[in-house]
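Open the structure in a viewer and keep the selection tool at hand. The stops below say what to select and what is found there.

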Amino acid sequence: MHKKRVPIHIHISTLFIGLFLLFAVITGWFNHQQTTEIFTLAAEDGVAELSQDIKQEFSIAFLPVATAVGFLTQAEVTRAQTESARLSHLGLLADIIKKHPQLDSLQVAYADGASLIVRHNGMGQFQQRFGSAAQTHFVVDHIEQDEQQARVTRYFFDTNLTETQAPERFNSDYDARERPWYVPPSAKATLSKPYLFYFLQQVGVTISQANQQGVVIAANVTLSHLSELLARVQPFPSTELLLTTAQAEVVAYHNIALKNNLVLNANLPTIADLKVPLFAELFTTGHQVDELIRQKVADKQWIGKSTWLDMGEYPLLLTVFFLEQELLQRANTIRQHNQLLNLALLVMALPLIWWTAQRIAVPIQRLAQQADRISHFDFAAEVSESSRIKEIADLQQSMQLMKRTIGHYNTMITAISAEKDFEKLMQLVVSRTREVSRAQFASLYLLDENSQRLQVSLSQLYLNEQQGCLDLTELLLPIALTGEQQIPEISQAIKANTMRLFRVSKVQLASYALPDALDFLQQDTIELVCVPLVERGGSTLGVLLLGLAQDDLTQHFQQHWLSFIEAISGFSGLSLENRQLIQQQKALLESVIQLIASAIDAKSPYTAGHCQRVPELTKMLAQAACDNQTSFKDFQLSEAQWEELHFASWLHDCGKVTTPEYVVDKATKLETLYDRIHEIRMRFEVLKRDAEITCLKAMLQGGDATALQQQLTHTLTQLDEDFVFVAECNLGGEFMAADKIERLQHIAEKRWLRTLSDRIGISWEEAARKSRQPEPQLPVSEPLLADKPEHIIERTASDNLDNADRYGFQMTVPQYKYQRGELVNLSITRGTLTEEERYKINEHIMQTIIMLEQLPYPKHLRNVPIIAGGHHEKMDGTGYPRRLQQEQMPLTARMMAIADIFEALTAADRPYKKAKTLSEAIKIMSFMQKEQHIDGELFRLFLTSGVYKDYAEKFLHPSQIDEVSIADYL
């Protein structure tokens, strides 16, 4: 059911009359109530404000000191064991006291009962209290405990910590461990109950905190400033302010003189000591906290309130009393003012309401209709009637203009924002701007790299409806921004980043290097609007130059059109900037990716070009799949997917940046940073020299020279043969028989004599490995070949991949990082790599995945890590690093696996193998296909499409290209 509609002028009249009547009634009632309740609110607000002020003052006194106490619990002074060591930190304690004037003293209490107490002469009490010199500013007590009593040494210092008199020594029964502030270790400071400081006769608290060693830092903070605060914030002369503990002990009172004149003992003064009848009667009869108190004393009516201040373990009670007469005086004044104001407003409003409603109603209705049409994107309807109210009439005209402007703007931005191609975008910017601004001539100029000239990008001249637009791009020359050939108005517009309007003649344009531009206009002069295209940073991208061949500028380029053109140029500039940025970012990303790939290839001379050839072969195979309409009829790559594959293939080995090149390039079994075969050769040389020396010594002792020479020759020949064998074992091969390993073991049993220490002049890391066993006494006889403890490089926590489980890696991690034992390496049966080194090389694919997973990809590149990280997986799930099955891998990742294998087989730059010919590589890959290591359908496509041959002709040496009978593998 629809509600009945009432005209707007009725609504306005009724609303205003009702509001004013309601306002008058409520205000009258409120004024009546205010006279009886305002003092209650004033009292409660006053108590709340005072409570907040006192809390703040308490925090100002407490928090900095608590912070300082917490800092001192970790300071070096807590670890000092002797008197002199503790006094050496006096400067720190003195500085803290100077920065916190509310501190009376600062104490360091040690677990053995010793203490260091620093007091300052903040209230000038030292001469009377200690009989000290007048310039004494600090009194320092160092207390040490023995079995009977405490021994106190008292020092006197001025502000510069220079002693002002000789120290005093005496005994005392003081023991800090018996003080209530001596607390157990804690992470935060503890605040004591307010109490009376003995020497100062001032109220204060102790802030203390202990560290884990049981050393307690205690700071005494005076609260005398709270009484000053109460006196300072006293709202009325007669107001009574009192701050007490839960036991009715006086902490602060606004009458400072009365409070300070109290005769006190060791405890805080009480309400009775204060002798104020108002408070004495209140605390005698008792009262409810947080409830209003009415009390009459000496014919005066008092209104008060008490509230607890949450100060932690020991809350304080704030009591405030106001004299009722003072509160009512302000309340009566407020009531009178409000009544006069309400009456004046009511008298003025009534006669204006109806007239105003009538004047507003009709034009608002029309504007509502206009707004409804605009909300439905209906920009055609026009409103001819206007209101007699200027503002509404202006609004009607503005709305009409807004309709036209939004219509044009909406059409333009929709077209421009949807265009992704930069060239087409420039055409749209020029054509749409020309159409919307109704210009006849529109040109887009972009700044060159040196910002010295404007290069024309696109220019259009509108002739008529039949002929349309003429392209003037080829006719316009660049516009100089400096020198004699510049157009001053354009240069000024760019410099100021503001739109410029100017008129030029044909003669002037000819001098500006635009000689042919106006021949088609058949006009002597032209009105030009130069609109700078500005990017977000404020720099100028270029200009839009709009021309109108009319004598009367106002006919088209009225001020609102100029503003509209400026708004359009802002959007156009942002659109051009966005497209340029996207192009530049893509170019930068492409360069960075190729830079990384080139760096990886350049890292090792043996893999140069691998990261560049694999992307080529991968994309060749992908294109073949797109072209195949039988087996791969459902496979097609969009432009975004081609970009994704491009990035993935270029980054497929980016993890190799973490692989040491001496592992990747390991050409012999003993090679690390250098080939250790030279060490073994030197040992053989030592054995040969030893054999000669032994022979010569035997001859000198009268031995048979002939027999000894024959034995020497035999020994030297055997050593030469053994070294040749060891050297041959150092070269990696396809297979190493068991008898060769046995011979290696036999050769290793030979001994040589070392006379020099191998633990001097070496790195700390190698020295640490050698320290796993004691150094033998020199000279020492050692095996010719050995696997020593220092040959084992342990795997540390930093060598393990973080969050490896998160990525689903399924690779077995060797126990050691490296195993450099000589026998272990020489006994490698295939190739030159140990298990540890092979894992280190294979680890590059895990690093690739981890590195690529960290990048913030746009949506269309999110599969880059999956594609790049799968080229070492096998279709049967035995690959690495995740042991994925064929169906778990995208087709593009399987393509890259084939490309990576074929490139590796045919590459001529590997140190550990000879480059394969085409037929050899295809044969090996056929076995891999049969064993389900590579995708069978893709391998068939690889052969039938001729991709292998196209790649070979482009990248392989002619000697590698031989005939391949692909029928044998189909």
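Select Asp175 together with Gly113 and Gln145: Asp175 touches both, leaving aside residues up to four places away in sequence. Touching here means a contact, that is, heavy atoms within 4.5 Å. Asp175 sits in the loop between β5 (163-172) and β6 (190-191). Helices (H or I, at least four residues) and strands (E, at least two) are DSSP runs, numbered from the N terminus. With a relative accessible area of 12%, Asp175 is buried. The cut-offs are under 20% relative accessible area for buried, over 50% for exposed, and partly exposed in between (1.4 Å probe, protein chains only). Now add Arg177: its backbone nitrogen lies 3.0 Å from a polar atom of the Asp175 side chain.

This is a predicted model, in which local features need pLDDT of at least 70 and side-chain atom pairs count only at pLDDT 80 or more, while totals for chains, interfaces and linings use all residues. Residues are numbered from 1 along each chain as its sequence is written, and side-chain values use heavy atoms, with hydrogens and water left out.

**The whole chain**

Zoom out and colour by secondary structure. The protein has 28 helices and 25 strands. Of its 970 residues, 45% count as buried. Among contacts between residues at least 6 apart in sequence, 61% join residues at least 24 apart. The accessible surface is about 51,000 Å², and carbon and sulfur atoms account for 53% of that area. Areas come from the Shrake-Rupley method with a 1.4 Å probe; for residues, only the protein chains shown count as cover.

**A five-stranded sheet**

Next, select residues 250-253 and 293-297, which are β11 and β12. These strands belong to an open, antiparallel sheet of five, in the order β11-β10-β14-β13-β12. Two strands pair if DSSP finds at least two bridges between them. β11 and β12 are at the edges with a single partner strand each, so one side of each has no neighbour in the sheet. On average, neighbouring strands of this sheet are turned by 25° against each other, direction ignored.

Inside the sheet, select β10 (residues 240-244) and β14 (residues 316-323), an antiparallel pair joined by five bridges. Leu241 has Val320 in β14 as its bridge partner.

Go back to β12 and show its side chains. Which of them point to one face and are buried? They are Ile293, Gln295 and Val297, whereas Arg294 and Lys296 point to the other face and are not buried. In a regular strand, side chains alternate between the two faces of the sheet.

Add β13 (residues 300-309), which pairs with β12 in the antiparallel sense over five bridges. The bridge partner of Gln295 in β13 is Trp302. Two residues separate β12 and β13 in this hairpin, and Ala298 in the turn has a positive phi of about 55°.

**Salt bridges**

The structure holds 22 salt bridges. Each is a side-chain nitrogen of Lys or Arg within 4 Å of a carboxyl oxygen of Asp or Glu. Select three of the pairs in turn.

- Asp146 and Arg151: their side chains meet at 3.1 Å, N to O. Asp146 is partly exposed at 34% relative accessible area, and Arg151 is partly exposed at 37%.
- Arg689 and Glu685: the closest N and O atoms are 3.1 Å apart. Both residues lie in helix α18 (residues 677-700), four residues apart, about one turn of the helix.
- Arg743 and Asp722: the closest N and O atoms are 3.3 Å apart. Arg743 is in helix α20 (residues 738-748) and Asp722 in helix α19 (residues 705-730), so the pair ties together parts 21 residues apart in sequence. Arg743 is partly exposed at 32%, while Asp722 is buried at 2%.

Then select Arg754, Asp758, Lys770, Glu782, Lys788 and Glu790, which a network of salt bridges links.

**Backbone details**

Most residues other than glycine have a negative phi, and most peptide bonds are trans. Where do the backbone angles depart from this pattern?

Select Leu778 and Pro779: the peptide bond between them is cis, with omega near -10°. Pro779 lies in the loop between α21 (764-770) and β23 (780-783).

Move on to Tyr880 and Pro881, also joined by a cis peptide bond, with omega about 10°. Pro881 lies in the loop between α24 (864-868) and α25 (891-906). Arg883 is in the loop between α24 and α25 and has a positive phi of about 55°.

End at Leu161, in the loop between β4 (150-157) and β5. Phi of Leu161 is near 65°, a positive value, and the residue is partly exposed at 28% relative accessible area.

Conventions. Axes are lines fitted to C-alpha atoms, for helices over the stretch in contact, and angles run from 0 to 180 degrees between N-to-C directions. A polar contact is a pair of N or O atoms within 3.5 Å; within protein, one must be able to donate a hydrogen and the other to accept it, and residues adjacent in sequence count only if both atoms are side-chain atoms.
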